[in-house]
Amino acid sequence: MHEPPSPPQASPQAPPQLFTPIRIGNLTLDNRITIAPMCQYSAREGSAGDWHLIHLGQLAISGAGLLILEATAVSAAGRITPWDLGLYSDANEHALARVLQALRANSPIKIGMQLAHAGRKASSRAPWDGGAQIHPGEPGGWRAFAPSAVPHAPSEDPPIALDESGLQRVRDEFANAARRAARLGLDGIEIHAAHGYLLHQFLSPIANHRTDAYGGSLANRMRFPLEIFEVVREAFPADKPVWARISATDWVPGGWDIDGTLALSQALKARGCAAIHVSSGGVSPQQQIKLGPGYQVPYAQRVKAEVGLPTIAVGLITEPEQAESIIANGEADAVSLARAMLYDPRWPWHAAAKLGAQVKAPHQYWRSQPRELKDLFENAKFGAR
Ligand SMILES: Cc1cc2nc3c(=O)[nH]c(=O)nc-3n(C[C@H](O)[C@H](O)[C@H](O)COP(=O)(O)O)c2cc1C
């Protein structure tokens, strides 16, 4: 007897690239959606509180592959505002341990931390209080440190230029914070070298007017950020990734640019950097940013193509199809979302639904799976008597 010919098989649909795993160093992320670091200006003396439980709690159950904690100051003087999260005291470490314990008890999401020093942008008001400098003599204000005694804006009080002992102090602060991050069991560290904060101030000729080994040539301007990378890399477990966030351009003629970014990324790669998170701007009020959907993606694409490290693209990535095409076209290895995640903390669920992928959701919420999307949540099952 002849078997009837089998009907032509529909070729199985390629899985969306956004929802394929990715490795950053030894860290495997379930998917390529990362939650960008977002300052909350809601800590007390650097210590996380209930707001962090609420805010990070909802983001931890979002289904994203990685949650990067907000810019976390390595010293009190390195905070942007008096309300920044910090990791420079036992109290800070203890408070964050409480938050992390709650997140881990309820979500498998990987958690990184952004270690930061604000440099000359320290001692500011929170954005909702206008964001201006708090002058050193005013309540809550302090004198900032920076590569050079050049203020961010001409009307502001100038910072103190870091001398040799000041540089050593900052190296020690980064190393100590990295050790605390290791004790907290964080999955990775992102070094904040973007947005006009201390390490970016060293990189940019706009903020760095030094005439010693830390200023002038590109190699000299990169020296301190690279030293910081080295001390953090040394202080954090070797099997966990350390990577950097960089501003690819100052958006100011004569400022830091993509060529410097590529050179810095290569130098970081040579020192064991696991990824580059490509942002832009922040060092000068003169910046002329050309905003638009995915406006920083072309910089990530250059870093990915020319440096070959896993590259995270960020900036006005808001639509699932947009994120998918960034990954599928090889423009970046992962995307990072900030505002879109605050607006819709279930963004990864909605992206998975739109692109036809699966995503992890807490079992308490499995019953919310839409009737027409029976495979949206990984391993979801329901029973009742
Ligand atoms: C509320 C808020 C806080 C932010 N805090 C940080 C931060 O702590 N560190 C950082 O590198 N960028 C910070 N950013 C910038 C974002 O990480 C991101 O690069 C930027 O918002 C562009 O991405 P988006 O278009 O997805 O919002 C913050 C942005 C927002 C909206």
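**Close-up 1. S336, a buried residue in strand β12.** With a relative accessibility of 1%, S336 counts as buried, since the cut-off for that class is under 20% relative accessible area. In this predicted model, S336 belongs to strand β12, which comprises residues 334–337. The side chain of S336 is joined to that of H277 by a polar contact of 3.1 Å.

**Close-up 2. The ligand and the residues around it.** The ligand is surrounded by 15 residues, of which C39, Q114, R245, L316 and R339 come nearest. Sorted by class, this shell consists of nine nonpolar residues, four polar residues and two charged residues. The space that the ligand takes up is the largest pocket.

**Close-up 3. Polar atoms of the protein beside the ligand.** Two of the pairs shown here involve the backbone, and the partner atoms in the ligand are a nitrogen in the case of C39 and an oxygen in the case of A71. A polar backbone atom of C39 is placed 2.8 Å from the ligand nitrogen atom, while a backbone N or O atom of A71 is found 3.0 Å from a ligand oxygen atom. From H195, by contrast, it is a polar side-chain atom that lies 3.4 Å from an oxygen atom of the ligand. Of the 600 Å² of accessible area that the ligand has on its own, the protein covers 82%.

**Close-up 4. Y41, a buried residue with a positive phi.** Although Y41 is not a glycine, its phi is positive, at about 45°. Most residues other than glycine have a negative phi. Y41 is located in the loop that runs between β3 (33–35) and α1 (50–60). Because its relative accessibility is 15%, Y41 counts as buried, the limit for this class being under 20%.

**Close-up 5. N379, an exposed residue with a positive phi.** N379, which is likewise not a glycine, has a positive phi of about 65°. This residue is placed in the segment that follows α10 (347–355). Its relative accessible area is 63%, and N379 is therefore exposed, given that the exposed class begins over 50%. Seen side by side, the two residues with a positive phi differ in their surroundings, as Y41 is buried whereas N379 is exposed.

Key. Residues numbered from 1 in each chain as written. Predicted model: local features only at pLDDT ≥ 70, side-chain atom pairs only at ≥ 80, totals over all residues. Heavy atoms only, no water. Near = heavy atom within 4 Å. Polar contact = N/O pair within 3.5 Å; in protein donor to acceptor, adjacent residues only side chain to side chain. Areas by Shrake-Rupley, 256 points an atom, 1.4 Å probe, with all protein chains shown as cover. 1 Å grid on protein atoms, 1.4 Å probe; cavity = no way out; pocket = protein on both sides within 12 Å on 5 of 7 lines; lining within 4 Å. Sits in = over half its atoms within 2 Å of the grid points. Nonpolar A, V, L, I, M, F, W, Y, C, P; charged D, E, K, R; others polar. Helix = DSSP H or I, 4+ residues; strand = E, 2+ residues; numbered from the N terminus. Buried < 20%, exposed > 50% of the residue type's maximum accessible area, 1.4 Å probe, protein only.
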